[in-house]
Amino acid sequence: MPSSEPALFQSGIPSFDVILGGGIPARQSFIVTGTPGSGKTVLCSQVAFQAAARGIPVVVATVTSEPHDKLMGALSSFAFFKPEVLGEKLFVISAYSALKRGPKEARDLLLQTVRERGAAMLFIDGLRSIRDLWLDEARLREFLYELGIGLAAINCIGLFTTEYPLERLMALPEATTVDGIVSLSVQTHGSRRVRRVEVVKLRGRPHLTGEHTMNIHEDGVEFIPRLESIPVDFRDEPPTLKRKGFGLPELDGLMHGGLPELSTTMLAGSMGIGKTILALHFAADAARHGEKALFVSFFDAPAMLAARARRVGLDVAPLVQESLLAFHYVPPMEAEGDVLVQDILRKVDALGVKRLVLDGLTDLELSIVDPERRRMFMASLAMRLRVRGITSLFTREVPKIVGTELDFNDAPVAILGENLLLLRYVELHGQMHRILSVLKMRDSEYSTDLREFLIKDSGVKVLAPMRSATGLLTGQARPLGTTVGGLGE
């Protein structure tokens, strides 16, 4: 039997098609609503120009007395603006005079122009202006209803904008007349203002629900779907028995060879304790096994990371030159979690990496402006890395240099802690010592020994098990007597 699903019109904006469930259903009419400045005209104009550039005729109708060149001038700074399609495949008309005469005259003008041009899309910019002109809801309802029927009969999509917040629009007849509603908004989160898109209504098509990130840049509009809203092709397979080490025999020995393949690990520790150095060792060890690694840093640019590694005897420059290790620096600026992760996953796919280090998990966590999303976001990220065959390591700062607060269970990032390595400063006999411990490894054996470790110009060295003090994990050790292992009396 033939499919009952309507054919889909590609918008020319791949991320928009993803949110719509594949594209714009054929023969349907849409309203794109939002307050002034939310990006309605830019979005619909981009769809119109992209269609015209593919050779698909489009009619754009303005409904005010403003000249056409004012609209075109406002759009000319975007990359999607193609002046060569104007008058050839994209036809701009004014419906203002016909609208002043009445609904029938306006409808006849629009449908006649669509037929004459063989247009597959009609874009009307500004339904609210029509409402303000007529001041008659019955006339507007009749106009939209009959226009929608006429467009469907000639296999043309209707794309309309209106300047209403979503709640206001849903109480108006426009909402029940059209097949689909897309809402654009600009929201305030603290000192930040963020753009959002939501497909509120889409007749006969599954789509991504809820709000998603929207950006406007020189290329036009781009949408970034919520990470957790996109299905993952998950395969239920047993864990492998392979290990991914740090290239530090004493540390790898604590984990019986290294971290389990395809797992996620949280490397938590105090400021300046050596998280980045150990993470660099983990990434560099991939090259020794013929694997590619990506090191994402929220703190240091690539040159600084390479210099820090070189100071402790780890030369990563040859690995970078051989394209076995890549650095990605995320500078300290406002960016949203979905955007950051989309960029990271694109690099992961392009490079074909098998190990990922994210140095600065707290920064990623805080970039998710809705706190209620954070746990699900992290779980979705972990699953996406696993299905890509990636073993990942995330560093996270413990707020206190010494103290007893080590519980991550309620933190959204706990979902990434299949394995948990803790680095801690310990004060003993008036000196600060570095210790490390494997606190957790899921479905894997590991040593529970506490080890002192040293970071010197000659490299990183993990010492023998410590038996000379208690209270080491609290950072406030109490000596037991004679020296056994790394710490003195």
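Start with Arg131 and Glu137: in this predicted model, their side chains pair up in a salt bridge, with N and O 3.2 Å apart. The two partners sit in different classes of exposure, because Arg131 counts as buried at 11% relative accessibility, while Glu137, at 35%, is partly exposed. The cut-off for buried is under 20% relative accessible area, so Arg131 falls inside it with its 11%.

Now jump along the chain to Glu291 and Lys244, whose side chains meet in a salt bridge at 2.3 Å, N to O. This contact ties together distant parts of the chain: Glu291 lies in the loop between helix H11 (275-288) and strand S15 (293-297), Lys244 belongs to strand S12 (residues 243-244), and 47 residues separate them. Glu291 is buried, with a relative accessible area of 13%. Lys244 is buried too, at 7%.

That pair doesn't stand alone. Glu291 and Lys244 are part of a network of salt bridges that also takes in Glu261, Asp285, Arg288 and Arg355.

Further on, have a look at Asp338 and Arg373. They form a salt bridge as well, and their closest N and O atoms are 2.9 Å apart. Here again distant parts of the chain are linked: Asp338 is in helix H14 (residues 337-351), whereas Arg373 sits in the loop between helix H15 (361-366) and helix H16 (374-387), 35 residues away. Both Asp338 and Arg373 are buried.

To put these pairs in context, a search of the whole structure turns up 21 salt bridges.

How values were computed
Residues numbered from 1 in each chain as written. Predicted model: local features only at pLDDT ≥ 70, side-chain atom pairs only at ≥ 80, totals over all residues. Heavy atoms only, no water. Salt bridge = Lys/Arg side-chain N within 4 Å of Asp/Glu carboxyl O. Buried < 20%, exposed > 50% of the residue type's maximum accessible area, 1.4 Å probe, protein only. Helix = DSSP H or I, 4+ residues; strand = E, 2+ residues; numbered from the N terminus.
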